Each structure stands twice: as C-alpha cells, then as structure tokens.
Amino acid sequence: MPSTSGVRVLAALAGAEFRRYATYRQATFAGAFTNTVFGFVRCYTLLSVAAVTGTMAGYDAAQLVTFVWVGQGLLAVVNYWGQQELPERVRTGQVVTDLLRPVDLMAAFVAADVGRACHAMLTRFVVPVVVGLLAFDFYLPAHAWTYLLFAVSVLLAVLLCSACRYLVALTGFWLLDVRGAHMVWVVASGAGSGLYFPITVLPDWLAVTLWVGTPLPSLLQAPLDVLVERGGTGHGLLLVAGQAAWLLVVVALGRVVQARAVRRLVVQGG
C-alpha cells in the first residue's frame, strides 16, 4: 500500500492530467460530436436488426439503445487508444528520469490515466448520453443499486484498460517502436470488448473464450451489461467480480514485465 505522501503524489498527478485535458476544449467538443454522430449510426443499425427479430442477441430495443449510447460515452472514458508518451520516453532515454522519481512508474501511469478518465466522464460521456436520452427511449435500471454497481464496473474498466495499455507501452523497452504492438491492441480490444457489436452475437464458444481467456470484455461489455441488467443483479455482480480478478492478473503481469524491462534498459548514447 502506498504511504499517505505517495497517495498525495498520485492524486496530484491525476489532478494535473485532468487540468491538462481541460485545456483541449476544441478537441473535446470534436470528440463528443463525433461519438454522438456514430451513436446515431450504430443505434439505427442495431435497432433495424431488432425490428426484424424482436430482439438482438438477447437485448430488446430499449436495452440496445442504452448499450449503444452509454457505450459511445464510455469510449473516451475507458480509452483503448490512450497516449503514447511512455514509449517515446523509453526511446529517447527520458524514462530514466521517471524511474528516479519517488513514485512507481506503473502507479504514475495509471494515476494520470484516472485523471484523464475523470475529465472524459464529465465531458465526452455526458454529451452522447444526453443526446441519446433526448432522441430515443432508454432502458432505465429497475434497481437503484444497479447505478452504484455500474459506477464500480466503470472504474474497474478504466483501471484495467490503463493496466493493459501500460503492458503495451512496456514493449517499447524491447521494440523501441511500439506502433505495431499498439495497432494489434487497438484492433483486438475493439473487436473483443463489445465496441463494434455485443459479444453475445458471436458463437457461444468464442464468446466464452473471450470472457474466460481475455480481459477484453471487461473493458466495455461488462459495464454495459451491468447497466442494462442483462441476466439480473447476480450476473452483474459476477461480471464485476470478473473485472476485479482480471485487474489483479494484469497488474501482477505488469509488475513482472516492468521488473524485466528495467533490468534490460539501455539508454542509447549514454
């Protein structure tokens, strides 16, 4: 557990990242507008399927609307793409300065990402969800505790995605250029997390493999299923427990990879 001073440092890093993103007003507006436009495209596409069959992969029309619009809002909050500053600092050797600071490299990375996610929640999340509420009939949870469970699920998704992106960034200690690894991550995370379509449309064996064998569905599909109460409260609790388990696994893996990366660090020209 970090000390009180360590917690203050991490909170300061999160706050600094929040203020940093708050300065990008035009980019924030453009991103929220784009997510909203694609929300209409995705929503009408999925609703057209549900209009023919009555449901789509176990979701009725209202659940699909909530799935799409809240998912559009969560894109920037969870943020598969992320910033690529750490690999660049590894390439230039500036990461040595980061390693000499009295704060763990992984903790600093995740804390900064939490600050970014908080800014996205207040901006990029709110706009698409409000537009969706005004334009469509949402599925609203039947139980008040679902909202709390959803909030916990979103927090776990942010932390898990940040830890996964940290692992991708650590490949820079071996590859120097992480663009290939990053592209693989972006494609895999989008296809396996419910970003393009609900995972339930996939064959059962593939959907189960994604849930059990990868952390990807925990990034987006899990919080959305919690919110639309798919499978009830018990299923929602199971999803959140799965997110927490995957977070522990990925963080532990990140600690191991970080230790190996630091041991092999060679600063070019130094």
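A crossing of two helices is right-handed if the near helix is turned clockwise from the far one by less than a right angle. The views below come from a predicted model.

**View 1. Helix H1 crosses helix H6.** H1 passes H6 in a right-handed crossing. The two helices pack at an angle of about 45°, and their axes lie 7 Å apart. That angle makes H1 oblique to H6. From H1, the contact takes in Leu 10, Leu 13, Ala 14, Glu 17, Phe 18, Tyr 21 and Ala 22. H6 answers with Ala 107, Ala 108, Ala 111, Ala 112, Gly 115, Arg 116, Cys 118, His 119 and Leu 122. By class, this contact of H1 with H6 holds 12 nonpolar, 2 polar and 2 charged residues.

**View 2. Helix H3 packs on helix H6.** The axes of H3 and H6 come within 8 Å and cross at roughly 155°. Angles over 145 degrees count as roughly antiparallel, and H3 and H6 are therefore roughly antiparallel to each other. H3 also passes H6 in a right-handed crossing. Leu 74, Ala 76, Val 77 and Val 78 of H3 meet Arg 116, Ala 117, Ala 120 and Met 121 of H6. The residues of this contact of H3 with H6 are 7 nonpolar and 1 charged, with no polar residue.

**View 3. The largest pocket.** This pocket encloses about 480 Å³ of space. Its lining counts 20 residues. Nearest the centre of the largest pocket lie Glu 85, Arg 101, Ala 108, Phe 109 and Ala 112. Helix H1 (4-22), helix H4 (85-92) and helix H6 (105-122) each give at least two residues to the lining. The class split of the largest pocket's lining is 10 nonpolar, 1 polar and 9 charged. Ala 108 and Ala 112 also appear in View 1, on the H6 side of the contact with H1.

**View 4. The second largest pocket.** The volume of the second largest pocket is about 320 Å³. The lining has 16 residues, and closest to the centre are Tyr 21, Ala 76, Asn 79, Arg 116 and Arg 124. Two or more lining residues come from each of H1, helix H2 (25-53), helix H3 (61-78) and H6. H6 provides the largest share of this lining, 3 residues. By class, the lining of the second largest pocket has 7 nonpolar, 6 polar and 3 charged residues. Arg 116 recurs from the earlier views: this H6 residue takes part in the contact with H1 and in the contact with H3.

Definitions and conventions:
Residues numbered from 1 in each chain as written. Predicted model: local features only at pLDDT ≥ 70, side-chain atom pairs only at ≥ 80, totals over all residues. Heavy atoms only, no water. 1 Å grid on protein atoms, 1.4 Å probe; cavity = no way out; pocket = protein on both sides within 12 Å on 5 of 7 lines; lining within 4 Å. Points joined across faces, edges and corners; volume = space filled by probe spheres on them. Helix = DSSP H or I, 4+ residues; strand = E, 2+ residues; numbered from the N terminus. Nonpolar A, V, L, I, M, F, W, Y, C, P; charged D, E, K, R; others polar. Axes fitted to C-alpha atoms, helices over the stretch in contact; angles between N-to-C directions. Parallel < 35°, antiparallel > 145°, perpendicular 65-115°, else oblique. Contact = heavy atoms within 4.5 Å.
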